[in-house]
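Here is a set of short questions on one protein chain. Look at the picture, try each one, then read on.

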Amino acid sequence: MTASPAGAPPTGPAFSTLPLADHVLANLQRLGYEHMTPIQAASLPLALAGKDLIAQAKTGSGKTAAFTLPLLANLNPRRFAVQALVLCPTRELAEQVSQEIRRLARAEDNVKVLTLCGGATMRPQLASLAHGAHVVVGTPGRILDHLGRESLVLEALNTLVLDEADRMLDMGFADDIAAIAERCPPSSQRQTLLFSATYPDDVAKLAARYLHEPQEVKLTERHDASRIRQRFYEVKESERLHAVGLLLNHFRPESTLAFCNTKQQCRDLVAVLQAEGIVALELHGDLEQRERDQVLVQFANRSCSVLVATDVAARGLDIARLDAVINVDITPDAQVHTHRVGRTGRAGESGQAFSLASMDEMGRVGRIDEMQGSESVWHPLAELEAASAGDAASGPLRPPMVTLQILGGRKEKIRKGDVLGALTKDLGLDAACIGKIDVNDFSTYVAVRHDVAEQALRGLNAGKVKGRSVKVRRL
Ligand code: ADP
Ligand code: MG
């Protein structure tokens, strides 16, 4: 998912204060990047001076540009060799990063950026590598695979980036990262940039091993209390899951991320919400990439109201618009709480955060208060019950859209316009009823408004897309 820099733009120093070439500055301006985000303002002067960096900042804070501009500054496009390697935990993130590097590299002539991730077939990757690339972005397993085959050579590398380092370690990539670093020039002869949303001990150890005299840039969050409204509710264990439904039906946020402390709690919550008629999906580490893509597509196109996840599963997710965050359980780590809550109300928009706490969790809430330097605000659960009984007519919260899956995608040469054409020209649907269209390799997902979903499903199944009959199902 790609976030749009919605809401208020960053207000840090202007990019023009940095030692960047004029054409790079002009390109930034074209992209709407005028002022730096806090992590960019803190890290770019150091990184552009060639220093190794440990940078910690929350998701959505603009870390990609913070390592891409230095990486591009180190690059010689006339030299046909891999000069920069960016390691990311998942294919999804690697693709987002590649896109952002391409956008930022537009000012240079012909910088080739290649994405190498597991799950994709080997042959096209080998062919692309044979053609040469300047920047490689990928997941550790697949990069190591290519190093083993010697299809990828890192002798000319001058920048190594570890993006989302905490998540890569959570996913068990420590050994792969070690093996990859061994194949790079020594740390004194390259620039190594490590980015992470959190800074636990194992990330510190990683940094000590692979970085050369690093500078540390940490932006511990303090979010704007006026933007994010936090409410706490005291619950008994037996009412916790039901309380989530009460919150949703009362406040009716369109997109909510609900955090649980365990996978089991995630599963239980999804079951309870679904039974209440709320469209909720679980995001967890055991999902296959294809299932994960489907979940994220449905959340982003507004056909799923609630994404339920553990902290590990949600880490690094780049979600543009979140109306609410619910802490179904209170996390034992106050900093994690701040991080969860900071997911809403991003980029100057307002957001709400709800936390459900049992008596046993009051000690944790105390630590959160201490860290936030403010007292938590409590509301009685009964407030929600009374209100929802009153407006029972409005029914359970429903997402505005429904996702239809067309079994056919890029491989069948389907494009967004083909789907839009089939729905508007052939079926006569108003374009306003049609939402986001995502074309993947083998599937296309189209969001349509509830009231036309049945008509669109029948019409597409009976008609043609790109001159061919297609199979369509409702997700
Ligand atoms: P992170 O890696 O910290 O999660 P990203 O690098 O993905 O964050 O950036 C989040 C969003 O903000 C992206 O859509 C990006 O294009 C946008 N963005 C980043 N820096 C700026 C800036 N200085 N001005 C405007 N938009 C920005
Ligand atoms: Mg990122």
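Q: How many residues of domain 1 are in contact with domain 2 in this predicted model?
A: Contact here means heavy atoms within 4.5 Å. On the other side, 15 residues of domain 2 take part. The number from domain 1 is 14.

Q: Which residues of domain 1 lose the most area to domain 2?
A: The two domains bury about 1,300 Å² between them. Carbon and sulfur atoms hold 43% of that area. In domain 1, three residues together make up 41% of what that side buries. They are Thr 59, Glu 92 and Arg 167.

Q: Which helix gives the largest share of the side of domain 1 that touches domain 2?
A: The rule finds two residue pairs in polar contact across this interface. Helix 4 (91-105) and helix 7 (165-170) each supply at least two residues of the domain 1 side. The largest share is four residues, and it comes from helix 4.

Q: How many charged residues are on the side of domain 1 that touches domain 2?
A: Sort that side by class. Two residues are nonpolar and five are polar. The charged residues number seven.

Q: Which residue meets the side chain of Arg 91 in a salt bridge?
A: Between domain 1 and domain 2 the count is two salt bridges. Domain 2 covers 228-394 in the domain assignment. The side chain of Arg 91 is in a salt bridge at 2.6 Å, N to O. Its partner is Asp 293.

Q: How far apart are the C-alpha centres of domain 1 and domain 2?
A: The assignment gives domain 1 as 15-218 and domain 2 as 228-394. Take the C-alpha centre of each. The distance between them is 32 Å.

Q: What is the radius of gyration of the protein chain?
A: The chain has 18 helices and 20 strands. For 475 residues the globule rule gives 23 Å, and the chain's own value is close to that, so it is as compact as a globular protein of that length. The radius of gyration is 23 Å.

Key:
Residues are numbered from 1 along each chain as its sequence is written. Chains are lettered from A and ligands numbered from 1 in the order in which they are written. This is a predicted model: local features need pLDDT of at least 70, side-chain atom pairs count only at pLDDT 80 or more; totals for chains, interfaces and linings use all residues. Side-chain values use heavy atoms; hydrogens and water are left out. Domain bounds come from an automatic or database domain assignment. Buried area is the accessible area (1.4 Å probe) that two parts lose on being put together, summed over both. A salt bridge is a side-chain nitrogen of Lys or Arg within 4 Å of a carboxyl oxygen of Asp or Glu. A polar contact is a pair of N or O atoms within 3.5 Å; within protein, one must be able to donate a hydrogen and the other to accept it, and residues adjacent in sequence count only if both atoms are side-chain atoms. Ala, Val, Leu, Ile, Met, Phe, Trp, Tyr, Cys and Pro count as nonpolar, Asp, Glu, Lys and Arg as charged, and the others, Gly among them, as polar. The radius of gyration is taken over C-alpha atoms; the globule rule is 2.2 Å times the number of residues to the power 0.38.
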